Amino acid sequence: MIKVENLTKRFAGITAINNLNFEVERGEIVGFLGPNGAGKSTTMKILTSYLPATSGRATIAGYDVFEQSLEARKHIGYLPENTPLYQDMRVNEYLRYRASLKHVPSSKVKERVGDVIELCNLREVQRKLISALSKGYRQRVGLADALVSDPDLLILDEPTIGLDPNQIRQVREVIKNLAQKRTVLISTHILPEVEIMCSRVIVIHKGQIRASDTAENLLRNHRAAGSMRLEASTGTDDARSMLAQVPGVKDVTEEKDGEYGIFQLRLEANTDPREEVMRLAGNRQWNVRELLRRRATLEDVFVELTHSDS
Amino acid sequence: MRTFLTLLGRELKSYFYSPIAYVVIFFFLIATGFNFYAGVMFLNRSDAEITVVEASFNTVLFWFPFILIFPLITMRTYADEFRMGTFEMVTTAPVQDWQVVLAKFTGAFGFYCMLWAPSFSYFVAFQLISGKEAAMAAGAYGGSYLLLALLGMFYCSIGCLASSLSTEQVNAAVMTFACIFAVFLGGLVTFIFNVTNPALRDLISYVSAIEHMADFTRGIIDSRPIIWYLSMTALVLFVNFQVFQYRKWKA
């Protein structure tokens, strides 16, 4: 559905995205992750033909987004960042306008607008001016707009930003239901959201792809991001450098809590040095009051992949 | 075509969503109404050999509000969309750039035509009440309103271009006013300075809105101004289209 080849975009002096390559198959829900300024929105803007790429190419449903932009755009429902809307129109009036702009046949406009108003829970505000709506409602109007032409592909730039937890859950449900017959590319900062919704995650940092896999695989392969916590009284030993020498331990930090030391151990990929640590503690006769291995979360993976110096 | 009409509908409606439209209409009606009244009073007091139509369309009182309305009509066309970000929504929908450019221009011009429509009733009222002819012939009405339309096209296109170059309405308005005023003053040079070079004189009178108006209000419909205004409108819209695309590629 989406095919991106060697896509590069430079703004005056800054390379926003650098030689990006990825594909999204029909029916996938792909989470597009990355810190602010990673190039997520830029990529989405290129895919929707709003910006031209400096080099490389991208196709939507086989249509080049630059050469056959009009055809490509017919397949897309796009929700831009910050959801710009005409403040001076009423919700249903705006959606009718957008439907007709997106080539929904005149006889179907009413039906489609009714459907998306229902789907996005906008019934009670449909006659209100958009300028009078709360952020959550505006976000849903934007989503309804993206859906109104019943597109094959949804490109959603941070669709749940500014919503309260209930609204986030509703939007999530809407997106999940839609995804049964559509392709969705969704960018977000909210990591649990990705684990719940997305069949695949693309992590992008400084304009380059750092990882592209299912959330489970990312967690399995990046147990590196896991850590261990040891609380022990270690007497006169230089426990910190001793722990650092245990195979599999990347680095150790230490805090004092009375006569106890609290050690945080960062671990290398696919290692579990719990036994080694216990053996060391036994040999040195430390009093251990806690040893805990923390499983990596997607957040850890995210931090590891997008940490500036990693 | 449907896409164009959808865009145009939104443009025209958007004038009436904001109170500015009603303020503009209000002051414009006062200005043209007063202008008409002043024209009739002037003819009452003097024995100048001109008609009411000529007296109401070619005076300082006419030109001053006339030039002022274009910045107000066109300032928000693009600037507001850039500022609000709705431009992104429009250009990522399956619409073509020329459709947007033409819809914005046609919307502005359409609103301008609506402003002028009531003024025709002044002359009808004058004829009904006084029993005298307000113009020399039907052609004088046709000529006057044709020239108003042509001037409106040209000046609206300048306003749209200025708006597409700015993200603030105020900047667009100032730029529009400056450009239209410069174009208008260009036609006044022969009134201010003693231009002796005959070629230059011809050139100036060729582009002078005041001289065009003097002819057309007498019913002398010359094809040269018609071509001048139509081709200038097309040229400015073409530049506007290029700016629109550049904007999109640069952003």
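## A walk through chains A and B

From the N terminus on, the elements of chain B run α-α-α-α-α-α-α-α-α-α-α-α-α-α. Counted up, chain B has 14 helices and zero strands. Please keep in mind as you look around that this is a predicted model.

Let us start with the overall form of chain B. Along its principal axes, the C-alpha trace of chain B spans about 60 × 45 × 30 Å. A compact globule of 251 residues would have a radius of gyration near 18 Å, and chain B, with 19 Å, agrees with that.

Chain A is built from another mix of elements: eleven helices and 14 strands. Its radius of gyration is 25 Å, well over the 19 Å that the globule rule gives for 310 residues, so chain A is more spread out than a compact globule. If you draw a box along the principal axes, the C-alpha atoms of chain A fill roughly 80 × 45 × 35 Å. The domain assignment divides chain A into domain 1 (2–220) and domain 2 (227–294). Between the C-alpha centres of domain 1 and domain 2 of chain A there are 46 Å.

Now bring the two chains together. How many residues of chain A are in contact with chain B? There are 20 of them, and they touch 20 residues of chain B. On the chain A side, helix 2 (69–74) and helix 3 (91–101) each supply at least two of the touching residues. By class, this side of chain A has eleven nonpolar, five polar and four charged residues.

Next, step inside chain B and follow how some of its helices pack. Two packed helices are described by the angle between their axes and the distance between the axes. A good place to begin is helix 4 of chain B (residues 60–74), whose axis comes within 10 Å of the axis of helix 7 of chain B (residues 97–116), the two crossing at roughly 135°. Helix 4 and helix 7 of chain B are therefore oblique to each other, and their crossing is right-handed. Which residues meet here? From helix 4 of chain B come Ile69(B), Ile73(B) and Thr74(B), and from helix 7 of chain B come Ala108(B), Phe111(B), Tyr112(B) and Leu115(B). This contact of helix 4 with helix 7 of chain B has six nonpolar, one polar and no charged residues.

Helix 7 of chain B also packs against helix 9 of chain B (residues 138–164), at an angle of about 135° and with the axes 9 Å apart. That makes helix 7 of chain B oblique to helix 9 of chain B, and this crossing is right-handed. Helix 7 of chain B brings Lys104(B), Phe105(B), Ala108(B), Phe109(B), Tyr112(B) and Trp116(B) to the meeting, while helix 9 of chain B offers Leu148(B), Gly152(B), Met153(B), Cys156(B), Ser157(B), Gly159(B) and Cys160(B). Sorted by class, the contact of helix 7 with helix 9 of chain B has nine nonpolar, three polar and one charged residues. Look out for Ala108(B) and Tyr112(B): they take part in the contact with helix 4 of chain B and in the contact with helix 9 of chain B.

Finally, return to helix 4 of chain B, which packs with helix 10 of chain B (residues 169–186) at an angle of about 145°, their axes 9 Å apart. The crossing of helix 4 and helix 10 of chain B is right-handed. Here Ile67(B), Phe70(B), Pro71(B), Leu72(B) and Thr74(B) of helix 4 of chain B make the contact with Ala173(B), Thr176(B), Phe177(B), Ile180(B), Phe181(B) and Phe184(B) of helix 10 of chain B. The residues of this contact divide into nine nonpolar, two polar and no charged.

How values were computed
Residues are numbered from 1 along each chain as its sequence is written. Chains are lettered from A and ligands numbered from 1 in the order in which they are written. This is a predicted model: local features need pLDDT of at least 70, side-chain atom pairs count only at pLDDT 80 or more; totals for chains, interfaces and linings use all residues. Axes are lines fitted to C-alpha atoms, for helices over the stretch in contact, and angles run from 0 to 180 degrees between N-to-C directions. Helices (H or I, at least four residues) and strands (E, at least two) are DSSP runs, numbered from the N terminus. Angles under 35 degrees count as roughly parallel, over 145 as roughly antiparallel, 65 to 115 as roughly perpendicular and the rest as oblique. A crossing is left-handed if the near helix is turned anticlockwise from the far one by less than a right angle, and right-handed if clockwise. Two residues are in contact if their C-beta atoms, placed from the backbone, lie within 7 Å. Ala, Val, Leu, Ile, Met, Phe, Trp, Tyr, Cys and Pro count as nonpolar, Asp, Glu, Lys and Arg as charged, and the others, Gly among them, as polar. Domain bounds come from an automatic or database domain assignment. The radius of gyration is taken over C-alpha atoms; the globule rule is 2.2 Å times the number of residues to the power 0.38.
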